[in-house]
Amino acid sequence: MILVLLGPPGAGKGTQAERLQETFSLVHVASGDLFRENLREQTELGILAQKYMDQGKLVPDDVTIGMVHARLEQPDSAKGVILDGFPRTIPQARGLNQMLDDTGRELDAVLHIAVPDEELLRRLSGRWICENCQTPYHDLSKPPQKAGVCDMCGGRLYQRDDDKPETVRARLKVYHEQTSPLIEFYRESGHLREVDGAGDIDAVWQALKESVQALES
Ligand SMILES: [Zn+2]
């Protein structure tokens, strides 16, 4: 089974990928890990990617495609793969189709964990830290007893730039710009499966699991 997992930052994609990996005996191939491995092991592609990164340039699609290709050729991939963070662009999606065609394999589904932006904003911008003792808080999971004040020491709570609503909004905008063509691409090819990601981790997992089980039967 070959699956692609798509989802915005804050959708809990990593956790869900782990559960898919365990439940369906798939290999979780995360593009971030793949990059780090290639850089660490100084593979030909890793060295090439490093050159672009050192120049502050985007790593070209064919380098990324090459890394995924090499990973899919490793024996453990034969039992099935869940791709996470790849493809990110239409050329990468075409590259994936090509490499699967070449080896007589087929993409089973693209699972898209869809979460409304307002919910993502609540999850991603709810983080606060005490400027005095560094205790972390979260509006949803661990709110302070009094807004803006540390329970432990009474210090003032602040938000890191990364956690501020305007930063999160900008990140989500970039995500949508990058991903919507990909979602369209897979909708047209009939591979797209939308999963409601608005609920908690277990509810999303239930929906994902059913979606994959439907593929198996
Ligand atoms: Zn404190």
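In the predicted model, a patch of negative charge on the surface brings together Asp-101, Asp-102, Glu-106 and Asp-108. Of these residues, Asp-108 is placed in the loop that runs between α5 (90–102) and β4 (109–114). The relative accessible area of Asp-108 is 32%, and the residue is therefore classed as partly exposed. This value satisfies the requirement that members of a patch have over 30% relative accessible area.

The secondary structure of the chain consists of eight helices and eight strands. The C-alpha trace extends over about 60 × 45 × 30 Å along its principal axes. The chain has 217 residues, of which 42% are classed as buried.

Eleven salt bridges are found in the structure. One of them joins the side chains of Arg-19 and Asp-202, with an N to O distance of 3.0 Å. Because Arg-19 belongs to helix α1 (residues 13–24) and Asp-202 to helix α8 (residues 201–216), this pair ties together parts of the chain that are 183 residues apart in sequence. Arg-19 has a relative accessibility of 26% and is accordingly partly exposed.

A further salt bridge is formed between the side chains of Arg-71 and Asp-76, at 2.8 Å from N to O. The two partners fall into separate accessibility classes: Arg-71 is buried, its relative accessible area being 11%, whereas Asp-76 is partly exposed at 33%. For Arg-71, the assignment follows because the limit for a buried residue is under 20% relative accessible area.

Within helix α6 (residues 117–124), Glu-119 and Arg-122 are three residues apart, so that about one helical turn separates them. These residues form a salt bridge in which the closest N and O atoms are 2.8 Å apart. Glu-119 is buried, with a relative accessibility of 16%, while Arg-122 is partly exposed, with a relative accessible area of 45%. The contact is also part of a wider arrangement, since Glu-119, Arg-122 and Arg-123 are joined into one network by salt bridges that share partners.

Aromatic contacts were examined next. A pair of aromatic rings is described by the distance of the centres and the angle of the planes. With centres required to lie within 6.5 Å, the count is one aromatic pair. The pair consists of Phe-185 and Tyr-186, whose ring centres are 5.1 Å apart and whose planes stand at 85°, so the geometry is edge-to-face. The angle leads to this assignment because planes over 60 degrees apart are counted as edge-to-face. Both rings belong to residues classed as buried: Phe-185 has a relative accessibility of 17%, and Tyr-186 has a relative accessible area of 1%.

Backbone geometry was considered as well. Most residues other than glycine have a negative phi, and most peptide bonds are trans. Against this background, Ser-25 adopts a positive phi of about 50° although the residue is not a glycine. Ser-25 is located in the loop between α1 and β2 (27–30) and is partly exposed, at 42% relative accessibility. The C-alpha atom of Ser-25 is separated by 9.6 Å from that of Met-1, a residue 24 positions away along the chain.

A positive phi of about 50° is likewise found at Gln-42, which is not a glycine either. This residue lies in the loop connecting α2 (31–40) and α3 (44–54). Gln-42 is partly exposed, since its relative accessible area is 46%, a value between the limits of 20% for buried and 50% for exposed residues.

A cis peptide bond is present between Phe-86 and Pro-87, with an omega of about -5°. Pro-87 is situated in the loop between β3 (81–84) and α5. The helix that follows this loop, α5 (90–102), also precedes the loop that contains Asp-108, one of the residues of the negatively charged surface patch.

Technical notes. Residues are numbered from 1 along each chain as its sequence is written. This is a predicted model: local features need pLDDT of at least 70, side-chain atom pairs count only at pLDDT 80 or more; totals for chains, interfaces and linings use all residues. Side-chain values use heavy atoms; hydrogens and water are left out. Patches are made of residues with over 30% relative accessible area and no salt bridge: like charges are joined within 9 Å, nonpolar side chains (Val, Leu, Ile, Met, Phe, Trp, Tyr) within 5 Å. Accessible areas come from the Shrake-Rupley method with a 1.4 Å probe; for residues, only the protein chains shown count as cover. A salt bridge is a side-chain nitrogen of Lys or Arg within 4 Å of a carboxyl oxygen of Asp or Glu. Lys and Arg count as positive and Asp and Glu as negative; His and the chain ends are not counted. The place of a charge is taken as NZ of Lys, CZ of Arg, CG of Asp or CD of Glu. Helices (H or I, at least four residues) and strands (E, at least two) are DSSP runs, numbered from the N terminus. Buried means under 20% relative accessible area, exposed over 50%, partly exposed in between (1.4 Å probe, protein chains only). Rings of Phe, Tyr and Trp (its six-membered ring) pair if their centres lie within 6.5 Å; planes under 30 degrees apart count as stacked, over 60 as edge-to-face and the rest as tilted.
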